Amino acid sequence: MDDVRPRVREFLARYIRGWEVADDEDIFAAGHVNSLFIMQLVLFVENELGREVRDEDLVLANFSSVDAIAALVAGRPEAVGG
Amino acid sequence: MTADPRTSTPPTPDGAADPRTYASHAPVGADDGLTEAQRTVRAEFAAFADEHLVPHADRWDRDEHLPREVVDQVAKAGHLGAAVPARYGGTGLDAVALGLLHGETGRACSSVRSLLTVHSMVAHALVRWGSADQRRHWLPRLADGTALGAFAVTEPDAGSDLGSVATSARADDRGGGYVLTGCKHWITFGQYADVFLVLARLDAGGHAAFLVERDRPGLDVEPMTGALGTRASMLARVHLNGCRVPADHLVGRPGFGLSAVVATALELGRYSVAWGCAGLAEACLRACLAHADRRHQFGGRLRGHQLVQRMLADMATGATAARLLCLRAGRLREAGDPASVHATWMAKYFASTAASRAAGDAVQIHGARGVGPDAPVQRYLRDARVMEIIEGSTQLQQIVLADAAYQLFPPETERTNG
Ligand SMILES: Cc1cc2nc3c(=O)[nH]c(=O)nc-3n(C[C@H](O)[C@H](O)[C@H](O)COP(=O)(O)OP(=O)(O)OC[C@H]3O[C@@H](n4cnc5c(N)ncnc54)[C@H](O)[C@@H]3O)c2cc1C
């Protein structure tokens, strides 16, 4: 499967202008994101990476870094909600 | 010799504009690239609004009451199921068609439009984040109006700052669910709703959204009256006094109640209000075109006075631009594009402020009639004021859009430096 990480980085750079994020950096902990960001991120993962985001995927760990998003898209989510 | 633009338009013998121009079904403006199907449904929505809503909206506003039969009529027309996919019994309109519905309804009556708004917000949040059981149970009922949905988030101490919601959701030591305690106010159609989407704060920290049926012990609905605008929207205060809900009434994951579930509902709410405001601005314009054509002062029709023309020009431009921003947001929503989020904020910001300006000018053009009880423009003015407060106030829109501008446009220095 393609490495989606460059596209995730590009998305983050677009939505959080001027922020160079490391692949394992916690996006949320860095405090750069606003309240609309989750919505935009979910739409990006679904629309541009082609991975439907379901109710049970809604665990912060699945979206918290470039690596985590890549794992989710590759079908190896960090966490599954119960 | 150049033709005087003022004399070149009226086509009828006595110089009055052709009254058909104002016929309620007449399409206003270009169709802006709507598909055949979208044009067809728009005409249907317009016809429904003109027949069932326009003639009564002023009375509902005066009475601060929307009769149940009107809700039934709206349900029967399928309008409550617009945000529900066909496989759950809804009409599953595409985003643009849904916008056209809310726009035509908003042109007629902002209170009925607000019914469509909050009901669709609940349905949409469930489509997106509800469990399979929740979708199976609620969506068919929401689709046909057997159950009316309301959105219960705002509290006396939590308005724009929704993160400060204080209604608590405590884990229930008896039987595993949650116990909700708190007060929600300004809940649109709270007086009629059968199910509320409630945002609460978890004991463990973070927020969660719950479905709470009206008849659950511990939930009490208290009507609110005397609002400035959308007066027939059956507002209520909703008290939750140790109201127990089963664990399967939680929507989405704990901790995502605000950032995903309520945010998803609010995105649709904002989109709906944006279209409603585009409709409201159009209603102002059409009322003014008719009045400025009929009314004579200083030996001529109002429409011939240049200061009045300025207002008509601004109204026509504002209504058109609002509609175009709404269409743009709708197309991006339909495509699932992340850019739809900002596009929707922009559409709501522009449309609500354009509707406010249009309604202010509409009252002005109508003179004393505009403030009297017989002209709908005074209702438009009051309703438009509400639109700048709900679904993100004008100031919140400005804050978000200023931030968004840095994402949407490259700042000059970046470009020159390379
Ligand atoms: C008719 C009507 C129907 C409604 N229906 C519903 C409903 O169905 N469900 C629901 O949950 N809620 C509903 N609401 C509530 C509505 O969502 C809130 O009124 C809205 O979120 C604003 O909150 P507030 O009224 O507490 O104002 P506040 O948040 O107290 O704001 C007051 C003023 O301060 C400004 N302000 C606040 N923060 C800032 C800031 N950071 N910078 C600059 N200015 C700021 C605001 O723009 C506003 O002008 C409804 C309200 C009305 C009027």
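**Two chains and their helix contacts**

Between chain A and chain B, the count is 2 salt bridges. The structure described here is a predicted model. In one salt bridge, the side chain of Glu46(A) meets that of Arg128(B), with 2.8 Å from N to O. The contact as a whole draws on 24 residues from chain A and 29 residues from chain B. A helpful idea for newcomers is that the size of an interface is often given as the accessible area lost when the parts come together. For chain A and chain B this buried area is about 2200 Å², with 56% of it on carbon and sulfur atoms.

Helices also meet across the two chains. The axes of helix 2 (residues 37–47) of chain A and helix 10 (residues 340–366) of chain B come within 9 Å, crossing at roughly 135°. Because of this angle, helix 2 of chain A is oblique to helix 10 of chain B. Met39(A), Gln40(A) and Leu43(A) of helix 2 of chain A make the contact with Ser340(B), Val341(B) and His342(B) of helix 10 of chain B. Sorted by class, this contact holds 3 nonpolar, 3 polar and no charged residues.

Within chain B, helix 8 (residues 257–294) is a good place to look next. Its axis and that of helix 5 (residues 95–108) of chain B come within 7 Å and cross at roughly 45°, which means that helix 5 of chain B is oblique to helix 8 of chain B. The crossing of this pair is right-handed. Among the residues making the contact are Gly99(B), Gly103(B) and Gly106(B) of helix 5 of chain B, together with Gly276(B), Gly279(B) and Trp275(B) of helix 8 of chain B. The residues of this contact divide into 9 nonpolar, 7 polar and 3 charged.

Helix 6 (residues 110–129) of chain B packs against helix 8 of chain B too, at an angle of about 150° and with the axes 8 Å apart. At that angle helix 6 of chain B is therefore roughly antiparallel to helix 8 of chain B. This crossing, like the one made by helix 5 of chain B, is right-handed. The residues of helix 6 of chain B that meet helix 8 of chain B include Thr117(B), Met121(B), Ala125(B) and Arg128(B); Arg128(B) is also the partner of Glu46(A) in the salt bridge between the chains. On the side of helix 8 of chain B, the residues include Ala260(B), Val261(B), Gly269(B) and Leu280(B). By class, the contact has 10 nonpolar, 8 polar and 2 charged residues.

Turning back to salt bridges, the count over all chains comes to 27. One example lies inside a single helix: the side chains of Arg39(B) and Glu36(B) meet at 2.8 Å, N to O. Both residues belong to helix 2 (residues 36–53) of chain B, where they sit 3 residues apart, about one turn of the helix.

Definitions and conventions:
Residues numbered from 1 in each chain as written. Chains lettered and ligands numbered in written order. Predicted model: local features only at pLDDT ≥ 70, side-chain atom pairs only at ≥ 80, totals over all residues. Heavy atoms only, no water. Axes fitted to C-alpha atoms, helices over the stretch in contact; angles between N-to-C directions. Helix = DSSP H or I, 4+ residues; strand = E, 2+ residues; numbered from the N terminus. Parallel < 35°, antiparallel > 145°, perpendicular 65-115°, else oblique. Left-handed = near helix turned anticlockwise from the far one by under 90°. Contact = heavy atoms within 4.5 Å. Nonpolar A, V, L, I, M, F, W, Y, C, P; charged D, E, K, R; others polar. Buried area = accessible area lost by both parts, 1.4 Å probe. Salt bridge = Lys/Arg side-chain N within 4 Å of Asp/Glu carboxyl O.
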